Structure formats: structure tokens, C-alpha cells
Amino acid sequence: MRKANIVVFASGTGSNFSAVVRAVKTGVIKANVALLICDNPDAPVINKAVKAKIKTVIIAAKDFPSRDSFEKAVIGVLRSCNADLIVLAGFMRILSPSFVKRYPKRIINIHPALLPSFKGAHAIRDAFEYGVKVTGVTVHFVDEQTDHGPVIIQEPVRIEGKDTLQRLEKRIHKVEHRIYPEAIDLCLRGRLRFRGRKVVR
Ligand code: GRF
């Protein structure tokens with residue numbers, strides 16, 4: 001049986017990308033990281049992919065006149081690599097409903113808060129500043145709404161008195177790097193069933 005192909009979409013640092021690559025190397029995930037798609041030519045994740053010898057395609061959104069034309073380019077690249085699962089790892093673009101519909105239950109995302117709380121691009125900071133005592137990490141399927149699709153795994157992180165924002169960020173990322181590979185493995189092994197919008201194992 002052929003191994004599944006994972007395609008990672010990322011725009012920034014790429015620590016989750018590296019965690020996924022490591023999980024593939026150590027056999028936690030039995031699949032190939034077929035490709036990294038990056039929309040930001042200056043993103044540090046590109047260097048990480050070069051070092052890990054992962055094929056990378058840079059599709060700079062600023063080179064396209066519209067989201068539609070950008071996504072058409074992405075779809076063209078995805079066709080060429082038989083993508084089984086699209087893994088968003090700090091991808092800073094909102095995918096259009098028509099893009100999402102094209103890959104039903106095949107796009108997942110990691111969000112650094114317990115959804116539906118603290119949606120958006122600054123979730124760790126927002127939770128810290130709000131003063132909640134518990135935040136966490138969510139891995140979910142991507143649907144047509146932002147930070148909204150069916151939840152695959154959630155793990156709470158208690159905010160401690162000695163946390164600064166930086167310390168909390170580190171603790172959240174540590175959890176991300178452990179549970180994203182777990183969630184990817186569950187998806188690829190077909191262990192997940194749907195009951196309405198609920199994901200059950
Ligand atoms: C992570 O916190 C992830 O939850 C969010 O974006 C961040 C990406 O970090 N979606 P990195 O680029 O993987 O280090």
C-alpha cells in the first residue's frame with residue numbers, strides 16, 4: 001500500500017512543520033511529507049524544509065491579483081503531488097469556501113487556544129491578557145468558517161502565576177508539537193468518524 005502524502009502549508013517560523021517532519025522520521029506518523037507550500041518568501045520555515053530535504057514550493061500571495069488566482073496556483077501544485085492530507089501549520093491566509101469544499105475533511109489546522117474561545121491570529125496573547133486560568137491547543141478540521149471546523153483533539157494548558165506571555169507561548173508550543181502529530185496519525189489511519197459536527201474515535 002502506498003504511503004499517504006501530507007502537504008504542509010505554512011507562512012512563518014515552522015516549529016510545527018518541524019514537529020511533523022520529526023514525527024514522520026521517527027515513525028509516529030506513517031506517511032510522507034510530500035511538500036511544503038509557503039506563501040511567504042521570507043519565512044524561516046523555508047530554511048527548515050531545505051535542511052530537512054522536503055520539497056518546497058513558494059507561492060507568494062503578493063504575486064497574484066486575487067485570492068482566487070492564488071488558490072488556483074495552489075490547487076495546481078496539489079494536483080501534481082497526490083495530496084491526501086493538507087496540514088495547516090501557521091498558515092496565515094484564510095482559504096476560500098470553494099477551496100475548502102474541494103478537499104472535504106482533508107484539511108486540518110492547529111490553533112493555540114481552546115476553540116471556540118480566542119479565535120484569530122493572536123490567540124495566546126488574547127487568552128493571556130483576558131486573564132483566563134485555562135487555555136490550550138485545538139486541532140480541528142477546516143470548514144468554511146475560520147477557526148471553526150470539527151474538533152479532533154483539544155488539550156488544556158493551565159495558566160500559571162509565574163507565566164509571562166513568552167513562557168506561556170513556549171508551553172503552548174510544546175503541547176502543539178506533541179498533539180499535532182497525534183492528530184495527523186488519527187486522520188491518516190481512518191480512526192475518526194463523524195456524528196454531525198462531532199468527531200468520534
Ligand atoms: C502556532 O501557534 C499554531 O497554533 C498557529 O500558528 C503558530 C505557528 O507556529 N496556527 P509555527 O510557525 O509552527 O512555529
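**Exercise 1. Locate Asn-82 in this predicted model, and decide whether Asn-82 is buried or exposed.**

Solution.
Step 1. Find the element. Asn-82 belongs to the loop that joins helix H3 (67–79) to strand E4 (85–88).
Step 2. Apply the cut-off. A residue counts as exposed when its relative accessible area is over 50%. Asn-82 has a relative accessibility of 54%, and therefore counts as exposed.
Step 3. Examine the backbone. The phi of Asn-82 is positive, about 50 degrees, although Asn-82 is not a glycine. Most residues other than glycine have a negative phi.

**Exercise 2. Which residue has a side chain that reaches the backbone oxygen of Asn-82, and is this residue buried or exposed?**

Solution.
Step 1. Identify the partner. The side chain of Asn-5 reaches the backbone oxygen of Asn-82 at 3.2 Å.
Step 2. Place the partner. Asn-5 is part of strand E1 (residues 4–10).
Step 3. Classify the partner. Buried means under 20% relative accessible area. With a value of 12%, Asn-5 is therefore buried.
Step 4. Combine the results. The contact thus links strand E1, which holds Asn-5, with the loop between H3 and E4, which holds Asn-82.

**Exercise 3. Describe the loop between strands E6 and E7 through Asp-147 and Gly-149.**

Solution.
Step 1. Set the limits of the loop. Asp-147 lies between strand E6 (134–141) and strand E7 (151–158), and Gly-149 is likewise placed in the loop between E6 and E7.
Step 2. Consider the backbone of Asp-147. Its phi is positive, at about 50 degrees, although Asp-147 is not a glycine.
Step 3. Classify both residues. Asp-147 has a relative accessible area of 12% and is buried. Gly-149 is buried as well, with a relative accessible area of 2%.
Step 4. Relate Gly-149 to a distant part of the sequence. Gly-149 and Lys-198 are 49 residues apart along the chain, and their C-alpha atoms are separated by 9.4 Å.

**Exercise 4. What is the separation of the C-alpha atoms of Val-134 and Pro-156, and in which strand is Val-134 found?**

Solution.
Step 1. Place Val-134. This residue is found in strand E6.
Step 2. State its accessibility. Val-134 has a relative accessible area of 36% and is partly exposed.
Step 3. Give the separation. The C-alpha atoms of Val-134 and Pro-156 are 6.4 Å apart, while 22 residues separate the two along the chain.

**Exercise 5. Where is Pro-116 placed, and what is the form of the peptide bond from Leu-115 to Pro-116?**

Solution.
Step 1. Place Pro-116. It lies in the loop between E5 and helix H5 (123–130).
Step 2. Inspect the bond. The peptide bond from Leu-115 to Pro-116 is cis, with omega near 10 degrees.
Step 3. Set this against the general rule. Most peptide bonds are trans.
Step 4. Continue to helix H5. Asp-126 is found in this helix and is partly exposed, with a relative accessible area of 26%. Its C-alpha atom is separated by 21 Å from that of Leu-88, a residue 38 positions away along the chain.

**Exercise 6. Which residues are around the ligand, and how do the residues of the shell divide by type?**

Solution.
Step 1. Find the site. The ligand sits in the largest pocket.
Step 2. Identify the contributing elements. Helix H1 (15–25), strand E5 (107–111) and helix H6 (165–188) each give two or more residues to the shell around the ligand.
Step 3. List the residues. They are Thr-13, Gly-14, Ser-15, Asn-16, Gly-90, Ile-110, His-111, Pro-112, His-173 and Glu-176.
Step 4. Sort them. The shell has two nonpolar, seven polar and one charged residue.

**Exercise 7. What distances separate oxygen atoms of the ligand from Thr-13, Asn-16 and Glu-176, and what share of the ligand's accessible area does the protein cover?**

Solution.
Step 1. Consider the backbone contacts. A backbone N or O atom of Thr-13 is 3.4 Å from an oxygen atom of the ligand. A polar backbone atom of Asn-16 lies 2.8 Å from a ligand oxygen atom.
Step 2. Consider the side-chain contact. An N or O atom in the side chain of Glu-176 lies 2.3 Å from an oxygen atom of the ligand.
Step 3. Give the coverage. On its own, the ligand has 370 Å² of accessible area, and the protein covers 84% of this area.

Conventions:
Residues are numbered from 1 along each chain as its sequence is written. This is a predicted model: local features need pLDDT of at least 70, side-chain atom pairs count only at pLDDT 80 or more; totals for chains, interfaces and linings use all residues. Side-chain values use heavy atoms; hydrogens and water are left out. A residue is near a molecule or strand if one of its heavy atoms lies within 4 Å of it. A polar contact is a pair of N or O atoms within 3.5 Å; within protein, one must be able to donate a hydrogen and the other to accept it, and residues adjacent in sequence count only if both atoms are side-chain atoms. Accessible areas come from the Shrake-Rupley method with a 1.4 Å probe; for residues, only the protein chains shown count as cover. On a 1 Å grid over the protein atoms alone, a cavity is a set of points where a 1.4 Å probe fits but cannot get out, and a pocket is an open set with protein on both sides within 12 Å along at least five of seven lines; lining residues have an atom within 4 Å of a point. A molecule sits in a cavity or pocket if more than half of its atoms lie within 2 Å of its grid points. Helices (H or I, at least four residues) and strands (E, at least two) are DSSP runs, numbered from the N terminus. Ala, Val, Leu, Ile, Met, Phe, Trp, Tyr, Cys and Pro count as nonpolar, Asp, Glu, Lys and Arg as charged, and the others, Gly among them, as polar. Buried means under 20% relative accessible area, exposed over 50%, partly exposed in between (1.4 Å probe, protein chains only).
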